[in-house]
Amino acid sequence: MSEPAFTLPGHRIELGVDEKLRLDCGVALGPFPLAYQTYGALNADKTNAILVCHALTGDQFVAETHPLTGKPGWWDLMVGPGKPLDTDRYFIICANVLGGCLGTVGPKETDPATGKPYGLSFPVITIADMVRAQRLLIDYLGIDQLFAVMGGSMGAMQALDWAARYPDRVFAAVPIAGAARHSAQNIAFHEVGRQAIMADPEWRGGDYLLHGTRPHGGLAVARMAAHITYLSETALHRKFGRNLQDREVLTYGFDADFQVESYLRHQGITFVERFDANSYLYITRAMDYFDLAAEFGSVAAAFEATPVRFCLISFTSDWLFPTSESRDVVHALNAVAANVSFVEVESDKGHDAFLLDEPEFQDVLAGFLNGCAEHKGLNAT
Amino acid sequence: MNGTTSSIRVDLQLIAEMVAPGSRVLDVGCGDGALLQHLWKTKGVDGRGIELSQAGVNACVRNGLSAIQGDADTDLKNYPSDAFDYVILSQTLQATHNPRTVLDHMARIGKRSIVSFPNFGYWRVRFSLLFGGRMPVTENLPHQWYDTPNIHFCTIRDFVVLGREMNLQVERGLALNGGGRPLGLDPAGALANILAEQAVFLLQRS
């Protein structure tokens with residue numbers, strides 16, 4: 001096998017071996033590695049599996065100390081014994097997305113055809129491609145129907161795509177802080193991030209790995225700009241106000257005088273240690289291309305006669321994926337009389353609220369899953 | 001009577017009795033989901049709720065019920081025709097902006113509609129206005145005229161006449177007292193219009 005030994009926790013499998021994965025861009029990909037992590041145990045009937053889909057810069061380390069950053073998993077609050085995604089009851093699966101940089105094939109992996117990192121020769125992937133790859137994983141695990149598929153932000157896009165593409169493979173779908181399409185404003189923010197990366201001379205036309213350089217400056221700026229969109233003005237003001245960073249007076253220079261500047265710089269610097277710049281380009285592109293209506297004719301048509309039980313959740317202060325986006329999906333689901341719940345959670349924490357301690361959100365998610373378990377006849381294991 | 005049955009309001013129990021087991025139900029103005037929960041537990045009903053208050057919706061979903069935040073006046077138009085066996089509107093008709101449009105949509109979306117509402121022809125109401133000269137405030141209608149969410153009151157007779165105009169056939173009707181217990185009167189009769197504090201009707205397109 002040409003792949004280097006996998007040194008991260010979790011699993012890594014080869015997919016697309018017998019039959020290559022046909023991507024939206026026309027490329028047939030395979031065999032390719034896919035890395036995933038699981039928590040809890042799959043029951044004998046294989047009916048208790050929940051696929052968690054991570055967001056743009058998330059990864060498969062949902063509920064454990066992150067192997068690279070040493071920080072808690074991104075959904076540690078949500079996943080574990082007795083938590084809403086109760087690992088005593090459910091089998092939690094999370095795969096690093098196609099195009100990612102923590103074990104699944106992406107631009108930083110070695111192209112078996114050339115023996116060099118893919119770089120920009122990696123095919124452009126879509127949310128649907130990510131979902132198709134995840135379906136191969138679910139097939140590999142022998143799971144006929146996921147009990148639930150869920151995720152926030154880009155994870156919500158994947159959850160919606162799962163429900164639209166494979167309605168019989170999903171009992172319930174929980175798109176959180178998401179949308180059926182990426183808005184013009186969100187594409188615009190992504191473009192700023194991509195241009196920042198590509199403007200960094202160390203990016204080297206995407207071949208930085210061959211040159212032994214890294215576009216850390218550009219990637220950090222991309223992260224800083226994006227991070228602002230994940231918060232809210234209220235949250236920023238509460239956290240930082242106009243407070244100065246380790247100083248009593250303004251310096252009349254361009255140091256990080258303000259705490260908010262220092263915070264953003266820290267966000268940028270720590271991000272580049274764990275994330276690949278080209279992955280950032282590819283995954284933001286996948287989000288930009290996401291538009292269920294474009295593929296299915298309309299959002300309602302994507303869910304015609306769907307048996308899936310939906311629960312959409314949005315947050316009042318999320319301006320990146322505002323409540324109106326979720327509500328549009330709900331209206332489309334109503335138009336086909338789908339079984340849908342929709343909860344808007346009061347929070348001033350912005351888009352990132354889905355990652356943070358929001359008791360109302362946790363109660364709603366736990367309640368929805370309990371209700372689904374009752375309807376599916378899923379007993380506690 | 002088991003605990004689940006006795007824990008919900010009497011008028012909700014009467015509505016539940018009109019619903020066939022295993023059917024599909026849309027509860028418009030479902031509150032915290034008491035009726036939906038009761039229908040699911042006792043009749044295996046596949047229920048959905050629409051509720052104006054976010055707190056009510058969240059309570060429903062926390063309890064494993066399907067519900068969305070929405071408004072009877074604006075959101076019923078999104079639903080396809082014949083999507084449900086029953087559409088229920090319990091004590092909400094008088095709070096809608098366009099009761100006739102709401103009833104129209106209910107009749108379109110559901111094979112049957114169930115509507116309960118307070119009777120403005122109730123003798124105490126008439127008495128209050130006639131002799132007190134004030135807008136009536138009763139136990140079931142506790143609001144003052146200036147802060148009431150109830151903007152389209154009707155009497156039972158008004159409702160029956162509108163139903164006739166809309167070609168809605170009354171399959172069952174119950175005239176109820178303030179506690180929600182049936183009075184045993186002809187619901188379309190003159191006596192019910194005076195003695196009943198509220199009413200429930202099961203309607204079908206004719």
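**Chain A overall, and one helix of chain B**

Hi everyone, let's start with chain A, which has 12 helices and 14 strands; these are DSSP runs numbered from the N terminus, with H or I over at least four residues for a helix and E over at least two for a strand. This is a predicted model, so local features need pLDDT of at least 70 and side-chain atom pairs count only at pLDDT 80 or more, while totals for chains, interfaces and linings use all residues. Residues are numbered from 1 along each chain as its sequence is written, and chains are lettered from A and ligands numbered from 1 in the order in which they are written.

Now, the overall form. The C-alpha trace of chain A spans about 65 × 50 × 40 Å along its principal axes. Of its 381 residues, 51% count as buried, meaning that 20 or more other C-beta atoms, placed from the backbone, lie within 10 Å of a residue's own.

On to the domains, whose bounds come from an automatic or database domain assignment. In chain A, domain 1 covers 11-183 + 291-376 and domain 2 covers 186-284. How many residues of domain 1 of chain A are in contact with domain 2 of chain A? There are 28, and they meet 20 residues of domain 2 of chain A; contact here means C-beta atoms, placed from the backbone, within 7 Å.

Finally, over to chain B. In helix α6 (residues 99-109), the buried residues include B:Pro99, B:Val102, B:Met106 and B:Ile109. Among the elements covering the buried residues of α6(B) are β1 (24-28), β4 (84-90) and β5 (110-118) of chain B. Thanks, all!

Definitions and conventions: A residue is buried if 20 or more other C-beta atoms lie within 10 Å of its own, exposed if 12 or fewer, and partly exposed in between; C-beta atoms are placed from the backbone. Two residues are in contact if their C-beta atoms, placed from the backbone, lie within 7 Å.
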